[in-house]
Amino acid sequence: MAFPPEFLRELEARSPIEDIASAYVNLKRRGKNLVGLCPFHNEKTGSFNIYPGSNSYYCFGCNKGGDVISFVMGVENLDFPEAVRWLAQRAGMAVPEDGVDDSMSRLRTRILEINRESARFYYKMLSTPEGKPGLDYFRRRGLDNKTIQHFGLGYAPDSAFALVNHLKSKGYTQEEMLQADMARLSKKGYPYDRYRARAMFPILDLRGNVVAFGGRILTDEKPKYINTSDTPVYHKSSGLFAMNFAKDAGSRQLILAEGYMDVIALHRAGFTNAIASLGTSLTEEQARIIKRYADEAVICYDSDEAGQRATQRAIPILKETGLRVRVITVPGGKDPDEFMRNYGKDGPARFKQLLEAGGNDVEYRLAGIRQKYDLETEDGKTRYLKEATEQVLCRLWDKMERDVYAGKLSQETGVGKESILDTAQRLSQRERNKERKQLVKSQSEVAEVKGTRNPEAKSHMRAALAEEGVLCYLFLHQDRCEALERDLPPEKFVTGFNRRLYQILLGKTRQGEVTLGDLSEGLTQDELSEFARILAQRREAPPTQADVEEYGRILRSEGGFRDPKRIREASEEELKQYLETLRQRKQTGSRPDHGQQ
């Protein structure tokens, strides 16, 4: 049973897409519409459009589009019922629950319950003899009971079936435990605990749900950490440890550390805006989430070689979202956790000094390059200047910023600033040419995706464009649905995909006014995106009645008769009409429409 149409319409009316999207995208007004960087793919030039008039969105870069519900589905990684509940909670509306949940929603709910129950189990284990190794570990790291409770830390006992048996006693099935990745299957087909003899760190989503775990071994065994694999409620590429706390820290700055204990140490010291990526290098998806809650990201990774490499990788990913980026290095090769423990009560004040003195990402990268070369020699200066220009300067698109750092390089090497700027400009142009080629490649890939949504369009381009014009006109002039259906029945559509959209739209409009929200429940995200594209591309010049009459002529002449199967299955009357059309065109000397495609 679907949500009542009246409920969905009221929900849509109370959920302006520009208000929802502004929490994820920095939007700028462009006429009646708004534009920003797409939250669904990485881009430098905004191609993501918000259309307040129809409460819809469309990205011309990745071809995703739809209504406010589909936007929430994509940006929050929710299914349809969950996105509806998310919006309803925000709008203060009660959700009619009768028969709404599908199997995936129920599975996600069960997995979240399993995760919550597992977190409680691990936490309680710390107060038992079996959990003493875990409690001892946390005590050695300087954690008190309040901190342990705040982060929900725990211990997985050294037993193959402790958690599995506990979850079974609570009524959870073997399949649900496997789907949650809290159990694995033995060769004999028995479920056993995923985590054994490990300190446990629950990972919470932005709404406070336990979605995953990180487990640290307390011996020298490898791997040191194991983390929950992707599940229906968790994706490693978007997870950020302690983001559920940091987003409410009251600061538009986030500190990005490497490990769980680093983040916990910073929170204990008062820096509750600290977060960490989870067992992987920083991803574009994580960077976009950070951008929602911050204007500036401060990278505070370990100062060892691995940490420096991770910093270098993270800088461009963060910058491409529009974040300001700064880098701080903890002295003595220490990590934030060790730094705080070494300095005791003075740790927070000393770390604040580091934070205030930290340089921006450009200074950090130049300093890293400078360390490689002896600037007392001409060869060292030349190689330093070459790498600094190629790796840093030419990638600064802001001319004033490039001018500032060209001046600093000139002072360090004695080479004229204008010469450095000329070289940087030449290299920059080369980089831009590469980006243009990549953009052309990306656009062709998007075109291929579009083709797969309506594969018949390639061989019936003229008819497909006419069909799209009719679909757009019908959506904008729904009072014309009966006349349009009478003059142009669905069987006249040539491509199956557009015919199906037409049939759905006609069926909906017979029942009353239709919004994109009314379609989002019955279409897949790809199908809704394709319809959003059809509307978006015709928004500036919507089809008129005269246009629709011409579209009708094209489709009636086509009538689907390119397909031999359609000819075989056509009625005698349809064949007579088609042959009469051909005869008339032959007499007037005009080519049949289908020959012009």
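**Exercise 1. Aromatic pairs**

Find how many aromatic pairs the whole structure holds, then classify the pair Y225 and Y260.

*Solution.* Start with the criterion: rings of Phe, Tyr and Trp (its six-membered ring) pair if their centres lie within 6.5 Å, and planes under 30 degrees apart count as stacked, over 60 as edge-to-face and the rest as tilted. A search of the whole structure then gives 23 aromatic pairs. A pair of aromatic rings is described by the distance of the centres and the angle of the planes. For Y225 and Y260 the centres are 5.5 Å apart and the planes meet at 55°, so this pair is tilted. Next, place the partners: Y225 belongs to strand β11 (residues 225-227) and Y260 to helix α11 (residues 260-268), so that the pair links distant parts of the chain, 35 residues apart. Helices (H or I, at least four residues) and strands (E, at least two) are DSSP runs, numbered from the N terminus.

Before going on, a word on the model. It is a predicted one, in which local features need pLDDT of at least 70 and side-chain atom pairs count only at pLDDT 80 or more, while totals for chains, interfaces and linings use all residues. Residues are numbered from 1 along each chain as its sequence is written, and side-chain values use heavy atoms, with hydrogens and water left out.

**Exercise 2. Buried or exposed?**

Decide the burial class of Y225 and of Y260, and then look at the pair F493 and Y502.

*Solution.* The cut-offs come first: buried means under 20% relative accessible area, exposed over 50%, and partly exposed in between (1.4 Å probe, protein chains only). Y225 has 28% relative accessibility and therefore counts as partly exposed. Y260, at 6%, counts as buried. F493 and Y502 form a stacked aromatic pair, 4.3 Å centre to centre with 10° between the planes. Both F493 and Y502 are buried.

**Exercise 3. From a ring cluster to the cores**

Name the residues that ring pairs link into a cluster, then follow F241 into the largest nonpolar core.

*Solution.* The cluster links Y137, F138, F151, F201, Y225, F241, F245 and Y260. A nonpolar core is a set of buried Ala, Val, Leu, Ile, Met, Phe, Trp, Tyr and Cys residues joined through side-chain atoms within 4.5 Å. The largest one has 59 residues, and those with the most contacts inside it are Y122, F138, F241, I255 and F351. Contact means heavy atoms within 4.5 Å. Not counting residues up to four places away in sequence, F241 touches F151, P202, I203, Y260, V263, I264, A274, I275, A276 and L278. Apart from that core lies another, of 32 residues, among them I17, F40, I69 and A83.

**Exercise 4. Charges over rings**

Which rings have R194 and R539 over them?

*Solution.* The test asks for NZ of Lys or CZ of Arg within 6 Å of the ring centre and within 35 degrees of the ring normal. The charged end of R194 sits over the ring of Y195, 5.5 Å from its centre. R539 lies over the face of Y51, at 3.7 Å from the ring centre.

**Exercise 5. Two helices**

Check the span of α13 and of α24, and list the buried residues of each.

*Solution.* The expected span of a helix is 1.5 Å times one less than its number of residues. Helix α13 (residues 305-319) has 15 residues and should span 21 Å; its end C-alpha atoms are 22 Å apart, which agrees. Its buried residues are G307, A310, T311, A314, I315, I317 and L318. These pack against β13 (253-257), α12 (284-293), β15 (296-299), β16 (324-327) and α16 (361-370).

Helix α24 (residues 525-537), with 13 residues, reaches 18 Å from its first C-alpha to its last, close to the 18 Å expected. It is mostly covered, with 10 of its 13 residues buried: E527, L528, S529, E530, F531, A532, R533, I534, L535 and A536.

**Exercise 6. Backbone details**

Where is the cis peptide bond, and what is the phi of A197 and of A242?

*Solution.* The bond from K222 to P223 is cis, with omega near 0°, and P223 lies in the loop between β10 (210-217) and β11. A197 has a positive phi near 55° without being a glycine; A197 is in the loop between β8 (191-193) and β9 (198-204). A242, also not a glycine, has a positive phi of about 70°, and its loop runs between β12 (240-241) and α10 (243-246). A242 counts as buried, at 3% relative accessibility.
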